[in-house]
Each structure stands twice: as C-alpha cells, then as structure tokens.
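Trainee: Could we go through some of the labels used for this protein? I'd like to see the reasoning behind each one.

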Amino acid sequence: MTASGLSATEFSSIEQGFMQSALNLARRGLGKVAPNPAVGCVIVREGQVVGRGWTQPGGRPHAEAVALAQAGESARGATAYVTLEPCAHHGKTPPCAEALVSAGITRCVVACGDPDERVSGKGLEILRKAGVTVDFGLMESEALSLNRGFFSRVSRGRPMVTVKVATTLDGRIATKRGESKWITGDLARQASQMLRVEHDAILVGSGTALADNPRLDVRLPGLESFSPLRVIMDGRLRLPLTSDLVARAAECPTCLMTFDENDSHRLKAYEDAGVKVVHIKRDDTGFVCPLTALDKLGEMGITRLLVEGGSHVIGSLLRQGLVDEIVWFRAAKVIGGDGLPVMTGFGLENLADAPQFRLVDSRYLGEDRMEHYCKTG
C-alpha cells in the first residue's frame, strides 16, 4: 500500500496514462536541471488535459508552475498529476505545493516522495491541510528510476554513475594498434549522443583524452547547447594545453581533477584557459581517488555522470562498487585477444564478489545492439 492507503493497482488505466505523460515530460529535463530533480506535471479537468509542464533548464521554473500558467483558471477544481512531491520550501520561487493550493487544485496524484529534508513529507502536508485530496504512489517505481541521479546526490552526496562503452562482441574497444573509429554504426553513435544530452557531466581519464583528443560535447542538430560539463581525471597533468578539452574550455565548461601537489604554474595555465581545477587525493593505487572525485562532483550539483573511459577509470569505479548503470553498445565484430580491452583488471579473485547488474533494456540499433544494465542490490 502507498502513503495514502491507495495501492497503485487501484488507479485507473486513464490515470496511469496521465502520469505516464507527466513522466515523459519530466524526462525532457534530464541533463538540464541539476542540481534540481527533473519533474513533470499534467493538470486534468473533467477528463481533459488543461496544463502541461516540466522543470525548465537551470531548474526554474518548476514543472507545476509551468503547468499552472498554461492551465490558468481551468486549474480550479482540477487534478494535478505530478512525478515528484511538490516542493514546500521558499527559494527563488514560492513553494509549488502552495501554488497548487492557490490555483484551486482539488486533487493531487503524486508518483513518489522527495527525500530532500526541506521537502520530505512537507509538500504533501501542505496540500492535505488545505483540503486537497492527495493520492500517492501511482507509477512510483518509474518515477524513482527517472530521478535516480537526484536521489543519489541527496542521499549519498554523489551523482549516479553510468558507464557507457562501445565494443566488439569480445569486449574490445580498439585494435592492437589503437584503431577504434568506428566500432559501432551511425544509430549507435546517435544513441550515445543522446546519453550525453541526458547527463549533467561526462568523464574520461587522461589516457582517453590523450589517445582521442575528444570533444565530449553534443553534436546532434538542435541539441548542441545541452552539452554536459566535461570532466577529466588526470593526476599527472598529462592533458596537453593544446587539446580540445583545454582549448575550448571557455565555451564548453571543463573540469580537471588532479592532485593538489602538482606544479602550480602548470595548474594556473589550465585555469587561465578557463578550466576549473579540482584537487583530489590519491587512492590506494596512486591514482585519482574515484570516490573523492564523485563527492566533489556532488558538491558541484552534478546528479547524473556519464563515464566514457578509459579502461583504468572504468575498472577503478567497478572495483569500488561505484557504477550504478552500464549502457553497452555491441558491434557484430570480433577483434581478438590482442585488441584493447574495455577495462583494466580490478583484482577480482572470487566470482561471488563480482559486481552484479540486471538487464533492463536491450534493442537493435542497425547492426549493433544496445544493452542497458542497472546495479542490483
């Protein structure tokens, strides 16, 4: 049973359709609203949708405010379907719970609660005290999954980590000479670009930065402005000042995570180019500590982190149990054992200690296959 005493199975299929629409709207905010959650709201009166909204880029205005503005006077006596508990605290804008009350909403269907201590339970209480009927839990699991990054930052202080890899069937990312363009086809590369759109930051290690001189931006027509923060883990400052990651730092926000004992003049050169330098301690292997790096990103407001390499970074994140999701693109090709592996070893001796993931989606993209895994437990 849910918090209101009404189980999700007691909601009608029509109501599920309204909440699904709200979830679809919320997804538009992924990668654009950090540190806020991505929320969707649909306002329905007498069976007709009179207002739609989702959290806008930068986190303001909130979904409820957008939907109420669209609904106008039609919101009076209507039902609001919201993917996350309406906020209860005063910030740059008044609380959404109070805005729903003032607009005359008589019923609010909420998918899931907000763990932020400024909101948790308080938004629902504002609605109930005002006489608004609150029903809770419709499509709760879907709503929790959609904002997994936000919940991670609130509860763990660090972003959700998604590892994205593109390999051959035998798990190789390049030939023995380092040739890797292109292992996968156009459709897989477009899907990879959409992953960047839906994440707040994208991270690579210095080896990948040196080998590929990547841009780490979004190159889909019309979505270029939604490129995520570019993050490089480079303890030894191997990243050339002439690399794209440094040369375009003034126009594409870029963060360099490195040791604080590095040469101050070299660090200043990065900063003068527009790179944000973040000091990180070493881990037990002498490299940048991945957990500290994630904590720092959490402090910066990052909720969703996409990791695209390299093999050491991916291996170290898996070794410490810090990977939440894996999106694996597989090309129908085989390179062989002398090709470059997708990740370095991380000292696993017992099969029982292997990180466990469950398959949540699998589909063909042309000749390639995309598999989406989520961490179990």
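Trainee: Why does Glu-73 count as exposed?

Mentor: Happy to start there, keeping in mind that this is a predicted model. Glu-73 has 64% relative accessibility, and exposed means over 50%, so the label fits.

Trainee: And what makes Arg-76 partly exposed?

Mentor: Its relative accessibility is 44%. Partly exposed lies between the buried limit of 20% and the exposed limit of 50%, so Arg-76 belongs in that class.

Trainee: How do you know that the side chains of Arg-76 and Glu-73 meet in a salt bridge?

Mentor: The N to O distance is 3.9 Å. The rule asks for a side-chain nitrogen of Lys or Arg within 4 Å of a carboxyl oxygen of Asp or Glu, so this pair qualifies. By this rule, the count comes to 20 salt bridges.

Trainee: What makes Glu-15 and Arg-107 a salt bridge?

Mentor: Their closest N and O atoms are 2.7 Å apart, and the cut-off is 4 Å, so the pair passes. This one links distant parts of the chain: Glu-15 sits in helix α1 and Arg-107 in strand β4, 92 residues apart.

Trainee: Why are Glu-15 and Arg-107 called buried?

Mentor: Glu-15 has a relative accessible area of 13% and Arg-107 comes to 18%. Buried means under 20%, so both residues earn the label.

Trainee: Is Asp-217 buried or exposed?

Mentor: Buried: its relative accessible area is 4%. Asp-217 also forms a salt bridge with Arg-219, at 2.7 Å between the closest N and O atoms. Shared partners join these two into one network with residues including Arg-230 and Asp-244.

Note on methods:
Residues are numbered from 1 along each chain as its sequence is written. This is a predicted model: local features need pLDDT of at least 70, side-chain atom pairs count only at pLDDT 80 or more; totals for chains, interfaces and linings use all residues. Side-chain values use heavy atoms; hydrogens and water are left out. Helices (H or I, at least four residues) and strands (E, at least two) are DSSP runs, numbered from the N terminus. Buried means under 20% relative accessible area, exposed over 50%, partly exposed in between (1.4 Å probe, protein chains only).
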